[in-house]
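Work through these exercises with the model open beside you. Try each task before you read its solution.

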Amino acid sequence: MYEKLDRNSLCWCGSGRKYKSCHLAFDEKIIQWQRKGYTVPGRHLIKTEEDIEGIKKSAVINIAVLDEIGDKIHAGMCTQEIDDIVNDVTTKMGGIPADLNYEGYPKSVCTSINDVVCHGIPSREDILKDGDIINVDCSTILNGYFSDSSRMFMIGDVSPEKKRLVEVTKECVQKGLEATKPWTLMGDMGAAVHNHALQNGYTVVREIGGHGCGKEFHEEPFVSYVSRPGTGMLMVPGMVFTIEPMVNMGKQEIFIDDSNGWTVYTDDRKPSAQWEVEVLVTETGYEILSY
Ligand code: MF3
Ligand code: CO
């Protein structure tokens with residue numbers, strides 16, 4: 001996987017510097033982990049400075065869209081109106097909604113209410129009502145760079161049980177961020193997320209998780225939040241991925257709506273919550289790129 005480069009040739013990262021004074025030591029460190037049997041990221045997963053700038057510019061739009069939804073969301077609004085705002089704000093700022101036409105997905109955003117785990121499709125029929133919790137999951141393409149994040153919104157007077165689910169799910173993301181450190185394993189990060197959910201009496205969805213992100217919408221690795229410590233891909237500076245656990249109030253099991261092939265529900269029809277951030281692994285820890 002790690003093609004040997006001559007010490008004096010230009011570094012693969014595009015810095016214009018010689019390999020020996022750029023990524024040589026970095027590559028050697030990765031190869032050591034690989035020899036010990038760990039899964040390591042390929043070079044295509046290490047973002048350059050230029051890539052990171054590109055993702056950040058894309059994220060400016062994604063963050064602005066979610067801010068705008070936060071300002072406008074209210075009881076009585078249908079989820080199609082949310083889709084319209086996402087499409088308007090994204091395109092006016094020069095971006096493309098990444099969801100639209102992605103593997104045939106028909107809308108510009110996912111709106112997942114109460115027992116919908118993810119991939120709720122905006123519709124004129126789905127009207128927000130007092131006490132609902134909703135995840136709005138938004139993704140943007142700008143100059144070929146992808147940003148991806150989601151937030152929960154509470155509509156009017158939400159029950160203490162649902163409020164706690166929303167808050168604990170946000171804390172789960174924070175636990176994941178605190179475990180995002182170079183030269184540690186993704187499995188440790190996922191386990192930190194999982195433990196916090198379990199300690200609060202919740203379960204975490206297993207089948208759907210996070211992903212590398214940036215040059216494509218969904219890159220390697222698949223990011224699990226029910227992972228075992230000591231497993232998973234090595235995190236190294238320059239990797240970008242999402243932390244986006246789906247936390248269920250009841251059982252972990254889910255099913256997909258046959259009628260549209262997208263929308264995921266909890267099996268027991270109890271509520272589910274999700275927050276998503278897109279994060280960069282840095283030399284010392286992490287930097288949030290989109291939220
Ligand atoms: N934004 C979702 C994620 O976090 C993906 C949605 S794909 C869609 O990965 F097609 F359903 F929009
Ligand atoms: Co995502």
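A residue counts as buried when its relative accessible area is under 20%, and as exposed when that area is over 50%. The model used here is a predicted one.

**Exercise 1. Decide whether F26 and W183 are buried or exposed.**

Step 1. Take F26. Its relative accessible area is 13%, so F26 is buried.

Step 2. Take W183. Its relative accessible area is 19%, so W183 is buried too.

**Exercise 2. Classify the ring pair of F26 and W183, then place both residues in the chain.**

Step 1. Recall what is needed. A pair of aromatic rings is described by the distance of the centres and the angle of the planes.

Step 2. Check the distance. Ring centres must lie within 6.5 Å to pair. The centres of F26 and W183 are 5.8 Å apart.

Step 3. Check the angle. Planes over 60 degrees apart count as edge-to-face. The planes of F26 and W183 stand at 70 degrees, so this pair is edge-to-face.

Step 4. Place the residues. F26 sits in helix α1 (residues 24-35). W183 sits in the loop between α4 (160-178) and α5 (186-199). The two are 157 residues apart, and the pair links distant parts of the chain.

Step 5. Look at the backbone of W183. Its phi is near 65 degrees, a positive value in a residue other than glycine.

**Exercise 3. Do the same for Y105 and W262.**

Step 1. The centres are 5.0 Å apart, and the planes meet at 85 degrees. The pair is edge-to-face.

Step 2. Y105 lies in the loop between β1 (96-97) and β2 (110-113), and W262 in the loop between β11 (254-256) and β12 (264-266), so the pair ties together parts that are 157 residues apart in sequence.

Step 3. Check burial. Both Y105 and W262 are buried.

Step 4. Widen the view. The whole structure holds 6 aromatic pairs. Y102, F146 and F217 form one aromatic cluster.

**Exercise 4. Which rings have the charged ends of K36 and K170 over them?**

Step 1. The charged end of K36 sits over the ring of W33, 4.9 Å from the ring centre.

Step 2. For K170, the ring is that of W275. Here the distance to the centre is 4.5 Å.

**Exercise 5. Describe the two largest pockets.**

Step 1. Start with the largest pocket. Its space is about 410 Å³. It is lined by 22 residues, and H23, K47, T48, E49 and I52 are the closest to its centre.

Step 2. Find the elements. α2 (49-72) and β14 (277-281) each give two or more residues to this lining. The largest share, 4 residues, comes from α2.

Step 3. Sort the lining of the largest pocket. It has 9 nonpolar, 6 polar and 7 charged residues.

Step 4. Turn to the second largest pocket. It has about 320 Å³ of space and 20 lining residues. Nearest its centre lie Y102, H119, D137, F217 and H218.

Step 5. Sort this lining as well. The second largest pocket has 8 nonpolar, 6 polar and 6 charged residues.

**Exercise 6. Trace how strands β4 and β5 pair.**

Step 1. Strands of a sheet pair through backbone hydrogen bonds, either parallel or antiparallel.

Step 2. Strand β4 (residues 133-142) pairs with β5 in the antiparallel sense over 10 bridges. S139 stands opposite D148 in β5.

Step 3. Look at the turn. β4 and β5 form a hairpin with 2 residues between them. In that turn, N143 has a positive phi of about 50 degrees.

Step 4. Check the cover of β5 (residues 145-154). Of its 10 residues, 9 are buried.

**Exercise 7. Give the strand order of the open sheet that contains β10, and name its edges.**

Step 1. The order is β6-β10-β13, with antiparallel pairing.

Step 2. The edge strands are β6 (203-204) and β13 (272-274), each pairing on one side only.

Step 3. Inspect one contact. β6 and β10 (residues 246-248) are joined by 2 bridges. T203 stands opposite N248 in β10.

**Exercise 8. Examine the backbone at N114 and at the bond between E220 and P221.**

Step 1. Most residues other than glycine have a negative phi, and most peptide bonds are trans.

Step 2. N114 has a positive phi, near 50 degrees. N114 is found in the loop between β2 and β3 (116-118). With a relative accessible area of 14%, N114 is buried.

Step 3. A cis peptide bond joins E220 and P221, with omega about -5 degrees. P221 lies in strand β8 (residues 219-223).

Terms used:
Residues numbered from 1 in each chain as written. Chains lettered and ligands numbered in written order. Predicted model: local features only at pLDDT ≥ 70, side-chain atom pairs only at ≥ 80, totals over all residues. Heavy atoms only, no water. 1 Å grid on protein atoms, 1.4 Å probe; cavity = no way out; pocket = protein on both sides within 12 Å on 5 of 7 lines; lining within 4 Å. Points joined across faces, edges and corners; volume = space filled by probe spheres on them. Nonpolar A, V, L, I, M, F, W, Y, C, P; charged D, E, K, R; others polar. Phe/Tyr/Trp six-rings, centres within 6.5 Å; stacked < 30°, edge-to-face > 60°. Buried < 20%, exposed > 50% of the residue type's maximum accessible area, 1.4 Å probe, protein only. Lys NZ or Arg CZ within 6 Å of the ring centre and 35° of its normal. Pairing = 2+ DSSP bridges.
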